[in-house]
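Student: I'd like a close look at one part of this model, namely how its strands are arranged. Please take me through it step by step, and add a few other spots at the end.

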Amino acid sequence: MSSLSNFAGSDRLMKSFNVPVHYRSSLVSAIKQKRKAADKLKKDFTPTILEIGNLQVILARHFGFCYGVENAIEISFRAVAENPGKRIFLLGEMIHNPGVNADLLAMGVKFIMDTSGNMLMDWNELTADDIVIIPAFGTTLELEAKLRSLGIEPTKYETTCPFVEKVWNRAEKIGKDGYTIVVHGKPNHEETRATFSHSKANTPTVVVKDIKQTERLAMYITGHVPAEEFYTEFKGQYSEGFDVTLDLKRVGVVNQTTMLASETQGIADYLKQVMISHYNLTDSSISEHFADTRDTLCYATNDNQSAVQGMLETPADIAIVIGGYNSSNTSHLVELCEEKLPTYFIKDEHCLLSPNTIRHFDLHSYTEKETENFIPDAQPLRVMITSGASCPDALVERVIERLAEITGNEAPIEAIAESWSTAAQ
Ligand code: SF4
C-alpha cells in the first residue's frame, strides 16, 4: 500500500483528482495523454495498437477510472487521512473494484453493508463519533435519515457521483411535471436503489431491468393483463402506493448511468411507441403521455462503450475485459465484445494462470471458471483489451505485461511504451 503522500494528479478534462500513484500506469497515462491531445473533442474511437514481439495488443481508446471513481477515491483516502484514531465506515463497496476496496479495508475502513444491501454489522454499533463514507453510487434517502438519527452527518464524506445526482435531478423534474418514473436499471444495484429512493420521494416510480420486463410493463399500460398481477410480478420494484391503473398513464424514463446505451434507447423507444398506439397520439400530443428525454447514461459509460465499438472494427483473435465481476459498466463492455469474438472477463493479471489457462467470469452463469487453450494459434496474436470505469490503469498495465510474459513476448514497459500507434494511422 502506498503512503498517503504518494499521489499523482489525474488528467481528466473536468477536474484533477489526487489518486494514489499505485493505481496509475506510466504506460497507459502516456498513451491517454497523447491521444487526448490529438483528439480534444473525443471524436476518434479507434484503438491504440501496441506491438510487443508477436503479440499485438489492441487497446480501447477510452477505459479505466472515470470522474466519479477518482472523486470517490480522493474523498475516501482524505477521510482516512483527516481522521486518525476514528472509526471509518463505508456504507457499502465504494466502487465495484476488489483491489480498491481491499486497499480501503487494509487502511482499517469497514463496510456496513454488502453490495445487495445486507447488513454486515448492526446499526447500534455506530456512534455519532464515527465517520461514514457514502459510495460513488449514492444512497437512499432512508439510509441518509438512518445515519442522521445516529448523529452521523452523511454529507461530510459523501462521494456520490455528480452524474448519478444528475439522474436524480432529471427524475425529480419529470416527476414534478406529473409523470411516473420508469427507471431502467438493475433492481438490486446500489445506484438503482438510490435512484429509486430519490425518485419515489417525488413521484410514483417503477424499475425495469431489461426490455423483456418493459414489454411486461406495457401489458399493464394497455390493460392486456389484470392490474392486480402487477404487484406480484414487479414486487420490490415499485414505490409504495403505486396504483397501476392510474400511475402508468404518463411515464418518463431515466436509467442507471452504466446500462448498455442501445438497450436503454430500445426501452425508451418501445415505451414511446406503446403510448403512441395506445392513446392514438400525434407528434404534438406525445408529451401528454410520454416525457421524451435523452438517456441518463454518464459520459464514461458512453465513451467506454463507443470505444469498444470502435475497437471491434479492428480484426482480433480474443478480447480481455478487466474489472470487478459485480461492475455493471464492465459487464456491458463484455457483452459488446462477446457479440464479436471470444471474450474473457478477468479481475486482474493473476487470472492469466498460464499460457494455456485463463480464469474468468462467465456473465451467463454468474460463475468464475477456467478455460484451457484460450490463446489461439495466430501470428501475430491479436488481443483486444479494455477495462471498466472502476479499474485502475495500473491493473491494465499488469495484464498487458502478464500477457506478454505467458505468450513469450516479454518486453520492458519502456519498450512497449515506444511501440504504439493508432488503428487510424
Ligand atoms: S461510471 Fe459514470 S456515474 Fe458511475 S461513477 Fe463513473 S462517471 Fe459517475
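Tutor: Happy to! One definition comes first: two strands are said to pair if DSSP finds at least two bridges between them, and strands themselves are DSSP runs of at least two residues, numbered from the N terminus. Please keep in mind that this is a predicted model. As general background, the strands of a sheet pair through backbone hydrogen bonds, either parallel or antiparallel.

Let's begin with the open sheet of three strands, whose order is 6-5-7 and whose pairing is parallel. Its edge strands are strand 6 (110-111) and strand 7 (131-133), and each of them pairs on one side only. Strand 5, which covers residues 88-90, runs parallel to strand 7 and is joined to it by three bridges. If you want one pair to find on screen, pick Ile88: its bridge partner in strand 7 is Ile131.

Another open sheet has four strands in the order 9-8-10-11, and here too the pairing is parallel. Strand 9 (205-208) and strand 11 (290-291) stand at the edges with a single partner strand each, so one side of each has no neighbour in the sheet. Within this sheet, strand 8 (residues 180-184) and strand 10 (residues 251-255) run parallel and are linked by five bridges. To place them on screen, look for His184, which stands opposite Asn255 in strand 10.

Now for strand 4, which deserves a slower look. Where does strand 4 sit, enclosed by the rest of the structure or not? Five of the five residues of strand 4 (residues 55-59) are buried, so the strand is largely enclosed by the rest of the structure. Buried here stands for under 20% relative accessible area. Leu55, Val57 and Leu59 point one way from strand 4, while Gln56 and Ile58 point the other way, and all are buried.

Strand 4 also has partners to follow. Strand 3 (residues 48-52) runs antiparallel to strand 4, with five bridges between them, and Ile52 stands opposite Leu55. These two strands form a hairpin with two residues between the strands, where Gly53 takes a positive phi near 60°. Strand 16 (residues 381-387), by contrast, runs parallel to strand 4, and five bridges join this pair as well. Here Leu59 stands opposite Ile385 in strand 16.

Next come the other spots you asked for. The ligand sits in the largest cavity. Around the ligand you will find Cys66, Gly68, Cys161, Phe163, Val164, Thr257, Thr258, Cys298 and Tyr299. By residue type, this shell divides into six nonpolar, three polar and no charged residues.

Two helix residues round off the tour. Asn329 belongs to helix 11 (residues 328-338) and counts as buried because its relative accessibility is 12%. The side chain of Asn329 makes a polar contact with the side chain of Ser327, at 3.3 Å. Ala81 belongs to helix 2 (residues 67-82), and its relative accessibility of 44% is why it counts as partly exposed. From Ala81 to Asp393 there are 312 residues in sequence, and the C-alpha to C-alpha separation in space is 24 Å.

How values were computed: Residues numbered from 1 in each chain as written. Predicted model: local features only at pLDDT ≥ 70, side-chain atom pairs only at ≥ 80, totals over all residues. Heavy atoms only, no water. Near = heavy atom within 4 Å. 1 Å grid on protein atoms, 1.4 Å probe; cavity = no way out; pocket = protein on both sides within 12 Å on 5 of 7 lines; lining within 4 Å. Sits in = over half its atoms within 2 Å of the grid points. Nonpolar A, V, L, I, M, F, W, Y, C, P; charged D, E, K, R; others polar. Buried < 20%, exposed > 50% of the residue type's maximum accessible area, 1.4 Å probe, protein only. Polar contact = N/O pair within 3.5 Å; in protein donor to acceptor, adjacent residues only side chain to side chain.
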